[in-house]
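Let's take a walk through this fold, starting at one loop residue and working outwards. Keep the viewer open as you read.

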Amino acid sequence: MTRVMCCALLNNSHPYMWYPNAREKKRNVFLHVGPTNSGKTHNALKRLEASSSGVYCGPLRLLAREVAQRLNKANVRCNLITGQEREEIEGAKHSSVTVEMTDVTTEYQCAIIDEIQMVGCRSRGFSFTRALLGLCSDELHICGDPAVVPLIQRILEPTGDVVTVQYYERLSPLVPLKTTLGSFSNIKDGDCIVTFSRRSIYKLKRRIEREGKHLCSVVYGSLPPETRTKQATMFNDEASDLNVLVASDAIGMGLNLNISRIIFSTLEKFDGICHRELTVPEIKQIAGRAGRYGSKFPVGEVTCLSADHLPLLHSALKSPSPIIKRAGLFPTFDLLSLYSRLHGTDFFHPILERFLEKAKLSPDYFIADCEDMLKVAAIVDELSLGLYDKYLFCISPVDMRDDIATQGLIQFAENYAKKGIVRLKEIFTPGTLQVPNSHNQLKELESVHKVLELYVWLSFRVEDCFPDHELAASQKSICSMLIEEYLERSCWKQPERKFLKKPKKLHQEYDISQLSKYFRETDARSK
């Protein structure tokens, strides 16, 4: 009997049955597909604004915040709910959320899933699949790349949903240039140089500013979201001195930017596993940020620094994105819990590993990349924690490639296991943290920000056990402000550039835990 039940649990070929509330509805699903800057999400949002209740599910906090602000400005009361933020408006029947926070138990009149092509992402795709299959809404509007259409149609065929596809064309021209940038003296207002590492971003920023004509904003993934938003705002502001942007592929979605020309410094990136060429969808997504409809640059241009990269750039922009063939899946806690009971163990690592190895899927799905989850599982299995607590730490947004962030998670988990409560001050080393004055100090402060964000994330899920939410949130804000101050001070200054404002001075010292120092010392002792 146990063997039969295990086989049943491992048969994940019909994941749409995981969501009975959604299956009770015959949903009207509208697929809005087209290139960047085609108005597809705008049209879906108009339906959301007109609905009596609804939810927007986006890939980034920046997008979720932007939509919440848009709806509230249109007098549609809208909550903002992300892993690290809760802004609840009295009487609101609409919410704007990051896709991981999608509520599949509430009924809506209208729901939106944005950037649905991310259903094929090896690490986050399962969150988009969950929203796609689980949202209990009369109308479901799905926005993204046309490459995902056949997959969505196949996945939704057995659900009984009615699917309508609407194709969009780009609203403004995007022109691939036949020549490279040439000299850096050819940089002009509205340009965005794209590269793929923090060091390259700051190297290019210094090089551009040394020419003496421009100052640069920067945007990349490790920057706190608040800082990214501020940098983008200053770049967009015509009154600002920051008229050139140096950025990573973090600009590919989530920021409205007034870019005239995208200039790729390279068409290769390290993706966490290896160095590889950018894919066709990645090139198109980034290049498409130039020439935003309604901005001061109605025609977008795109080129490279190296002539060797021009053929790939031109070829990618002419090519359709490869068809997305499979959607990500990850088992719900209930499934893992049942599986664990059948095996008589609450060790999470072997349960998850065995589930991933044995799970039977239909050809339309793949199991999400759980490498980081397994690393966390190996850590928390050493602690006296229940299965759900282990699951919670495993799905937490920790960057296991960041030593400081990893040490932060270990400290939180150990304190939680020992005491059942984690007070932030207990692992704070009181001191004064100044504005970073080197690249390494900047990187360290970004890591401290990640640790504080992790505490905030945990405080929303086990509030009584992580009670210092306000303290963590305030210290996180101070981190962002210190990073912004570093960026302002790092502008290349020359005597003749009188228009450059003097950097603001911090008139106050900020008492913040030097988590990075603490974790280095803890790590050294453990060795």
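Start with Asp364, which sits in the loop between helix 12 (348-358) and strand 18. Keep in mind that what you're looking at is a predicted model. Is Asp364 buried or exposed? It has a relative accessible area of 16%, and since the cut-off for buried is under 20%, Asp364 counts as buried. Its side chain has company in there: a polar contact of 2.9 Å joins the side chains of Asp364 and Arg154. Leaving aside residues up to four places away in sequence, Asp364 touches Leu151, Arg154, Ile155, Lys325, Arg326 and Ala327.

From there, hop over to helix 5, residues 125-134. Eight of its 10 residues are buried, so helix 5 is largely enclosed by the rest of the structure. The buried ones are Gly125, Ser127, Phe128, Thr129, Ala131, Leu132, Leu133 and Gly134. What do they pack against? The partners are helix 2 (20-23), strand 6 (107-113), strand 7 (136-144), helix 6 (149-156), strand 17 (327-329) and strand 18 (365-367).

Strand 7 deserves a closer look. Eight of its nine residues are buried, so this strand, too, is largely enclosed by the rest of the structure. Strand 7 pairs with strand 1 (residues 28-33) in the parallel sense over six bridges, and Val33 stands opposite Gly144 of strand 7. Strand 6 also pairs with strand 7, again parallel and over six bridges; here Ile112 stands opposite His141. To get from strand 6 to strand 7, the chain passes through helix 5, making a β-α-β crossover that is right-handed.

Now find another stretch of sheet, around strand 10 (residues 191-194). In a regular strand, side chains alternate between the two faces of the sheet. You can see that pattern here: Asp191 and Ile193 point one way, Cys192 and Val194 the other way, and all are buried. Strand 10 pairs in the parallel sense with strand 13 (residues 261-264) over four bridges, with Asp191 opposite Arg261. Strand 10 also pairs with strand 12 (residues 242-247), parallel once more, over three bridges, and there Val194 stands opposite Ala247.

Next, the nonpolar interior. In soluble globular proteins, nonpolar side chains tend to be buried together. Which members of the largest nonpolar core touch the most other members? Of its 69 residues, they are Phe393, Phe412 and Phe466. Helix 16 (residues 439-461) supplies the largest share of this core, 10 residues. If you centre the view on Phe412, you'll find contacts to Phe393, Val422, Leu424, Ile427, Val451, Leu454, Tyr455, Leu458 and Phe466, not counting residues up to four places away in sequence. A second, separate core has 37 residues, among them Ala22, Ile81, Tyr108 and Leu156.

Finally, zoom out to the whole chain. There are 18 helices and 18 strands, and of the 527 residues, 54% count as buried. Among contacts between residues at least 6 apart in sequence, 76% join residues at least 24 apart. As for the outside, the chain exposes about 24,100 Å², with carbon and sulfur atoms supplying 50% of that area.

Notes:
Residues are numbered from 1 along each chain as its sequence is written. This is a predicted model: local features need pLDDT of at least 70, side-chain atom pairs count only at pLDDT 80 or more; totals for chains, interfaces and linings use all residues. Side-chain values use heavy atoms; hydrogens and water are left out. Buried means under 20% relative accessible area, exposed over 50%, partly exposed in between (1.4 Å probe, protein chains only). Helices (H or I, at least four residues) and strands (E, at least two) are DSSP runs, numbered from the N terminus. Contact means heavy atoms within 4.5 Å. A polar contact is a pair of N or O atoms within 3.5 Å; within protein, one must be able to donate a hydrogen and the other to accept it, and residues adjacent in sequence count only if both atoms are side-chain atoms. Two strands pair if DSSP finds at least two bridges between them. A crossover is right-handed if, with the strands pointing away from the viewer, the path from the first strand over the helix to the second runs clockwise. Accessible areas come from the Shrake-Rupley method with a 1.4 Å probe; for residues, only the protein chains shown count as cover. A nonpolar core is a set of buried Ala, Val, Leu, Ile, Met, Phe, Trp, Tyr and Cys residues joined through side-chain atoms within 4.5 Å.
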